[in-house]
Amino acid sequence: MHDGTDKERFTKVFEEENDALFRFCLWRTTDHERAVEFTQETFARLWQEMVSGKKVPNPRAFLFLVAKRIIIDWYRRKKPLSLDMPIEGEEKRMP
């Protein structure tokens, strides 16, 4: 269970880091809506850590590490097929 100090600390971290974290997400994704979504998800994970009783000694580092991992996972899921890969059923032709 969380107490007032968790909420106060979270609010302080949010106010201090929200803009920088959003800009980081926007810079990495170039998609405004996705950056907002990832920023919110990152802060939600910080809150979960705090209310579960886990210590987060450096919230800024935690936030940027989590955001980076969220963005990497997003890129992995949306990775397009390479044009250099042979199409299924097509044989490689030798010159």
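These are my notebook entries on a predicted model, covering confidence, helix 3, aromatic pairs, one loop residue and salt bridges.

**Confidence.** I looked up the confidence before anything else, and found a mean pLDDT of 86 for the protein, with 79% of its residues at 70 or more. Among the elements, I noted that helix 2 (residues 32-51) has the highest mean pLDDT, 96, while helix 1 (residues 4-29) has the lowest, 94. I keep in mind that predicted coordinates should not be read in detail where pLDDT is low.

**Helix 3.** I then turned to helix 3, which runs over residues 59-78 and has 20 residues. From its first C-alpha to its last I find a reach of 29 Å, close to the 28 Å expected at 1.5 Å a residue. Which residues of helix 3 are buried? I list Pro59, Leu63, Phe64, Val66, Ala67, Ile70, Ile71 and Trp74. They cover an arc of only 165° around the axis, and I therefore place them on the same side of helix 3. On the face turned away from that buried side I find the exposed residues Arg69 and Arg76.

**Aromatic pairs.** I count seven aromatic pairs in the model. For Phe10 and Phe43 I note ring centres 6.0 Å apart and planes at 85°, and because an angle over 60 degrees counts as edge-to-face, I enter the pair as edge-to-face. This pair links distant parts of the chain, since Phe10 is in helix 1 and Phe43 in helix 2, 33 residues apart. I checked the accessibility of each partner: Phe10 counts as buried at 16% relative accessibility, and Phe43 is buried with a relative accessible area of 4%.

I next looked at Phe38 and Trp74, whose ring centres lie 5.7 Å apart with planes at 70°, so I record this pair as edge-to-face. Phe38 lies in helix 2 and Trp74 in helix 3, so the pair ties together parts that are 36 residues apart in sequence. Both Phe38 and Trp74 are buried, and Trp74 is also one of the buried residues I listed for helix 3. I also note a cluster in which ring pairs link Phe10, Phe14, Phe43 and Trp47.

**Thr30.** In the loop between helix 1 and helix 2 I stopped at Thr30, which has a positive phi of about 55° although it is not a glycine. I set this against the general pattern that most residues other than glycine have a negative phi. Is Thr30 buried or exposed? I find Thr30 exposed, with a relative accessible area of 69%.

**Salt bridges.** I find six salt bridges in the structure. The side chains of Arg60 and Glu17 meet in one of them, at 2.3 Å from N to O. Arg60 lies in helix 3 and Glu17 in helix 1, so this salt bridge ties together parts that are 43 residues apart in sequence. Arg60 counts as partly exposed at 41% relative accessibility, whereas Glu17 counts as buried at 9%.

I also recorded the salt bridge between Glu49 and Lys54, with an N to O distance of 3.8 Å; Glu49 is partly exposed, with a relative accessible area of 22%. A further entry is the salt bridge between Asp73 and Arg76, at 3.9 Å from N to O. Both residues lie in helix 3, three residues apart, about one turn of the helix. Asp73 is partly exposed at 37% relative accessible area, and Arg76 counts as exposed at 61%.

Conventions. Residues are numbered from 1 along each chain as its sequence is written. This is a predicted model: local features need pLDDT of at least 70, side-chain atom pairs count only at pLDDT 80 or more; totals for chains, interfaces and linings use all residues. Side-chain values use heavy atoms; hydrogens and water are left out. Helices (H or I, at least four residues) and strands (E, at least two) are DSSP runs, numbered from the N terminus. The expected span of a helix is 1.5 Å times one less than its number of residues. Buried means under 20% relative accessible area, exposed over 50%, partly exposed in between (1.4 Å probe, protein chains only). The arc is that of the directions from the helix axis to the C-beta atoms. pLDDT is the predictor's confidence in each residue, from 0 to 100. Rings of Phe, Tyr and Trp (its six-membered ring) pair if their centres lie within 6.5 Å; planes under 30 degrees apart count as stacked, over 60 as edge-to-face and the rest as tilted. A salt bridge is a side-chain nitrogen of Lys or Arg within 4 Å of a carboxyl oxygen of Asp or Glu.
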